[in-house]
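Visitor: Could you walk me through some features of this structure, please?
Guide: Gladly; here it is.

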There are 2 protein chains.
Amino acid sequence: MMKHVLGAQCTRCGKMWEARPDITVCPSCGGLLDIKYDYDSIRKEVSHEVMADRAEQSMWRYMEYLPVQGKGKRPKLRVGWSPFYRADHLAEVLGVKTLYVKDDGVNPTASLKDRASAMAVVKAEEAGAEIVACSSTGNAASSLAGNAAAAGFESYIFVPSRAPKGKVSQLMIFGAHVISVKSSYEDTFRLSEEAIARYGWYNRNAAINPFLMEGKKTVALEIAEQLGWKMTDYVALSVGDGCTIAGVWKGFKDLYETGMIDRLPRLISVQAEGCCPLNRAIAENCPWEPMEENTLADSIAVGVPRNAEKALNAIRESNGIVVNVSDQEILDAAKLLGRTCGVFGEPAGVAGTAGVKKSLELGLIPSDSSVVSIVTGNGLKDTPNAIRAAGEPTEIGPDMEELLAVMDRL
Amino acid sequence: MMKHVLGAQCTRCGKMWEARPDITVCPSCGGLLDIKYDYDSIRKEVSHEVMADRAEQSMWRYMEYLPVQGKGKRPKLRVGWSPFYRADHLAEVLGVKTLYVKDDGVNPTASLKDRASAMAVVKAEEAGAEIVACSSTGNAASSLAGNAAAAGFESYIFVPSRAPKGKVSQLMIFGAHVISVKSSYEDTFRLSEEAIARYGWYNRNAAINPFLMEGKKTVALEIAEQLGWKMTDYVALSVGDGCTIAGVWKGFKDLYETGMIDRLPRLISVQAEGCCPLNRAIAENCPWEPMEENTLADSIAVGVPRNAEKALNAIRESNGIVVNVSDQEILDAAKLLGRTCGVFGEPAGVAGTAGVKKSLELGLIPSDSSVVSIVTGNGLKDTPNAIRAAGEPTEIGPDMEELLAVMDRL
């Protein structure tokens, strides 16, 4: 509840501001803001027992840790409390002691981004807005469109024209006003910022709006609880703009600071070889620099990460691992997750798993580790790449002889 | 628990058989079997209070009503307890007093069929099988492939080659052996039956395996509980093979017979105008006859329904309504659900909503009704038809002038 929120602090100049629902960057220096909590006051209200008795099974289960007054009055989608699986078969294949898979593709619009968009519509209601807007490689877009439609907001969505058909079809069905920009994500983002400023729409650009990371962090809160509050050694996920890994880290830190977990995991930051500005900055210990957006994993094809500072800070603070994976390794991971876990992730969704595999192969993490791999989006959003990964089925006529011939080959 | 199961009774000759996990049709006359429960013994163990205290939030929440010993030892996907929304905005648009939407597209493989497939893998484990098989228009297939992969079974799947790419990509990613049959669903089904008999695979054809309807009925159990055990006047859903509507009716009857709900809803059976053998039989009060499979809603394009008797019985017993919708009405319903609820259904998934709309327009149900509409599958499974329903986005260059021109048009 807002009573635990101290304010919104600038990550650059350190100034603290009132956490108004429509605040974006620091009014003084333009730096990104971070929502700050009174951990002592949260600590008095939460415990493992309190959580165990809680009926709510959605991201709003963790109200003490969230910067809202309540969920608002408008109708909303049921976001969060996604499935969490112990993946013994996959662990065996990868050669790691303990592995868990968090399937955030099982969300109303089929990605982790629903957590940020659900937060956005609550804050938009608090701010008295009627129109919400964002730019996105695809998932933030479709999740905002869906959550906005449920809550009765109009939405304006900017996507690069490369966005997969699955995500675009969601936008259109949800009735968003969609602007498809024939250029990079960077150009798309810039155009959305200009338009938002001009028209005064509620801004759901995750790097700019400090509340959205607070929505995203709920995936970490759930993971910790689904682990029975016993953290694993590592948590792996794919990284694009940087908001999600920053949110995940914030979630674990919030729990640690309030005594709900007794150790923090190390983050495994997975980027695509063809687009890894953040991982390169860590590996070479230098400032990040823009890169080409050269990967089939559209959600993490972000050459100019909008939340670089928070992401780099999260990786460094957690004593994290960085690992880059090729497109082929991503496609292989999609098949592997599907075959061993029954979990179907989009390319960026399975990149985390590809990163776990590669980290083990390179000896970056020991084989007696415990690891959580977060699947950030559903494979149905990008069917062509799934077919590319796994191939086409065998076609035959409705005839037993033809079937027998196929069976002989299998 | 199996202690409440009396046996498997033939719907044709009435003989009762032991409910062995691999039983299919009546060994005596070949009729379809129905699992029978001792309602008095269930009634002693369940109550609204007992259910309110139950932590499990999946289809296995309702163990007293399920024909299993337990969930088995193999790993499994988290199926069921899907979102249930009060849809006031849509109700207003349709002109009906109260409307709820059950979004069963939010399931691990994104359709209601996960409920049957989850049951299939538990029974396959009980039966000591290693390979499971089915034929399907698509969703039963992808759900069996996913649930089997999670549980470590091999799967053989038969689909008509018309199955949408989204569903096929799921099958391939889950590592199923897929036989794509260049013919009708009817021919596909027949070939699968021959192959299953020849190779001795565990049979997950929903009409033939009496346990699968018991999995499907859990959607009705959830709806009743999510309504606070106060049933609506109507429950609407799309109908293809007939297994789902029969399962839904079984679920409501189980609850009624055990005192958990005090009245039964009337079912609204929605079929496509181009393929409505069951609704035609009801409307014309005659035996059902095969029809062409002439609709874009692939999941309900079933010209020879395999569970006709149970489905017809469910519609008649519930004093149900039958209504047929055109492909255009289905596409319109997809947009309507997306825009008013933020729910994205595949064509067959939104056909139920199209049927509610049409039932109101035709005066088949009064405007002061309360209705539940079940969305049976996720729209991401069939992106091309979503685009067909909702159109393509506006493309522009990364330029404010171009954007302003677009905004003027909107």
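Guide: A helix's expected span is 1.5 Å times one less than its number of residues. Helices (H or I, at least four residues) and strands (E, at least two) are DSSP runs, numbered from the N terminus. This is a predicted model, where local features need pLDDT of at least 70 and side-chain atom pairs count only at pLDDT 80 or more, while totals for chains, interfaces and linings use all residues. Residues are numbered from 1 along each chain as its sequence is written, with chains lettered from A and ligands numbered from 1 in the order in which they are written.

Visitor: How far apart are the end C-alpha atoms of helix H5 of chain B?
Guide: H5(B) covers residues 139–151, which is 13 residues. At 1.5 Å a residue it should span 18 Å, and the model agrees: the distance is 18 Å.

Visitor: How many residues of H5(B) are buried?
Guide: Buried means that 20 or more other C-beta atoms, placed from the backbone, lie within 10 Å of the residue's own (exposed: 12 or fewer; partly exposed: in between). H5(B) is largely enclosed by the rest of the structure, because the count is 13 of the 13.

Visitor: Which strands are the edges of the open sheet in chain A?
Guide: Strands pair if DSSP finds at least two bridges between them. The three strands here run antiparallel in the order E2-E1-E3. Each edge strand pairs on one side only, and these are E2(A) (16–17) and E3(A) (33–37).

Visitor: Which residue of E3(A) does Gln9(A) stand opposite?
Guide: Strand E1(A), residues 5–10, is joined to E3(A) by five bridges. Opposite Gln9(A) stands Asp34(A).
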